[in-house]
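These are my notebook entries on one protein chain, set down in the order in which I looked things up. The structure comes first, and the entries follow.

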Amino acid sequence: LSFQHILLELAMANDNYQCTLAIIKPNAVRKEDEIVELLEQKGFCILQKRCVRLTSEQASEFYTEHYGKMFFPALVTFMSSGPIIAYILAKNNAIEDWRNFMGPTNSMNARIAAPESLRAKYGIDEMRNGFHGSDGSLTAEREIRFFFPDFVSHPVPKEQTATDYLQRRINPTLLKGLTELCKKKPDDTILWLADWLIKNNPNKPKIEEPN
């Protein structure tokens with residue numbers, strides 16, 4: 001297990017912790033750095049990221065629930081017109097919070113009703129509104145699987161089991177690292193501790209040298 005997955009599993013002991021899919025659409029990709037900074041300020045954790053240019057077939061498959069609607073051909077054309085960036089976001093109430101942070105679907109309405117929302121700041125109109133977000137837990141599972149087929153999150157049992165997991169798997173290694181940190185007194189404590197944890201990760205696979 002990576003430390004990222006350990007943190008995810010521990011966080012998912014909270015009933016309100018969720019993962020959702022977020023997409024920066026082609027018209028807003030150039031503002032990614034600003035958007036990521038805003039995401040982090042809102043408490044979202046980026047678990048995975050993928051930059052991709054969809055084919056028209058892939059865009060049609062992703063938006064299959066809109067098939068047959070008047071705007072469907074234009075939506076497919078737009079979503080395959082340039083690169084997009086897909087993220088798995090995680091936090092408490094991630095699905096609802098991400099949708100609220102995006103703002104109203106139509107960017108022009110967003111500038112009136114939610115001027116601090118992402119669509120108000122980076123969107124153009126109803127289709128080129130800059131962002132996509134899953135509208136529910138089942139949708140989030142399907143959409144995450146579409147872009148990240150290998151992503152698997154295993155929820156851990158609640159309450160005491162999570163505490164036991166911390167005490168057994170995390171605390172001993174972390175305590176050793178903090179003890180060494182106090183001895184070494186490096187200039188950059190965070191970077192030093194991060195490097196130490198990577199080198200001393202107890203879950204790191206051991207590779208045996210051939211005879």
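I count two strands as paired if DSSP finds at least two bridges between them. The model I examined is a predicted one.

**Entry: strand pairing**

I began with strand 1, residues 17-24, and asked which strands pair with it. Strand 1 and strand 3 (residues 84-92) run antiparallel and are joined by eight bridges. I noted two of the facing positions: Tyr17 stands opposite Asn92 in strand 3, and Cys19 stands opposite Ala90 in that strand. Strand 1 also pairs with strand 4, again in the antiparallel sense, over three bridges. There I recorded Ala22 opposite Gly133 of strand 4.

I then turned to strand 2, residues 45-52. Strand 2 pairs with strand 3 in the antiparallel sense, and I found seven bridges between them. Gln48 stands opposite Ile88 in strand 3. Strand 3 is therefore a partner of strand 1 and of strand 2 under the rule of at least two bridges.

**Entry: burial of the strands**

I next looked up how far these strands are covered. Seven of the eight residues of strand 1 are buried, so strand 1 is largely enclosed by the rest of the structure. Strand 3 is mostly covered too, with eight of its nine residues buried. For the protein chain as a whole, I recorded that buried residues make up 41% of its 211 residues.

**Entry: the chain as a whole**

How many helices and strands does the protein chain have? I listed ten helices and four strands. Read from the N terminus on, the elements run α-β-α-β-α-α-β-α-α-α-β-α-α-α. I also looked up the contacts in the protein chain with a separation of 6 or more: 73% of them are accounted for by residues 24 or more positions apart.

**Entry: helix 10 and Thr173**

In helix 10, residues 189-199, I found Leu193, Trp196 and Leu197 buried. These three cover an arc of only 100° around the axis, which puts them on the same side of helix 10. The face turned away from the buried side of helix 10 carries the exposed residues Ile198 and Lys199.

I then looked at Thr173, which lies in helix 9 (residues 160-184). Is Thr173 buried or exposed? Its relative accessible area is 14%, and the cut-off for buried is under 20%, so I entered Thr173 as buried. Leaving aside neighbours within four places in sequence, I found Thr173 in contact with Trp196, Leu197, Asn200 and Pro202. Two of these partners, Trp196 and Leu197, I had already entered among the buried residues of helix 10.

**Entry: the largest pocket**

My last search was for empty space. Rolling a probe the size of a water molecule over the atoms shows where such space is left. The largest pocket holds about 470 Å³ of space. I recorded 23 residues in its lining, and those nearest the centre of the pocket are Lys25, His66, Thr105, Arg119 and His132.

Which elements each supply at least two residues of the lining? I noted helix 5 (94-102), strand 4 (131-133) and helix 8 (137-147). By class, I entered seven nonpolar, eight polar and eight charged residues for the lining of the largest pocket. Strand 4, one of the elements that supply the lining, is also the strand that I found paired with strand 1 over three bridges.

Methods:
Residues are numbered from 1 along each chain as its sequence is written. This is a predicted model: local features need pLDDT of at least 70, side-chain atom pairs count only at pLDDT 80 or more; totals for chains, interfaces and linings use all residues. Side-chain values use heavy atoms; hydrogens and water are left out. On a 1 Å grid over the protein atoms alone, a cavity is a set of points where a 1.4 Å probe fits but cannot get out, and a pocket is an open set with protein on both sides within 12 Å along at least five of seven lines; lining residues have an atom within 4 Å of a point. Grid points are joined across faces, edges and corners, and a volume is the space filled by probe spheres set on the points. Ala, Val, Leu, Ile, Met, Phe, Trp, Tyr, Cys and Pro count as nonpolar, Asp, Glu, Lys and Arg as charged, and the others, Gly among them, as polar. Buried means under 20% relative accessible area, exposed over 50%, partly exposed in between (1.4 Å probe, protein chains only). The arc is that of the directions from the helix axis to the C-beta atoms. Contact means heavy atoms within 4.5 Å.
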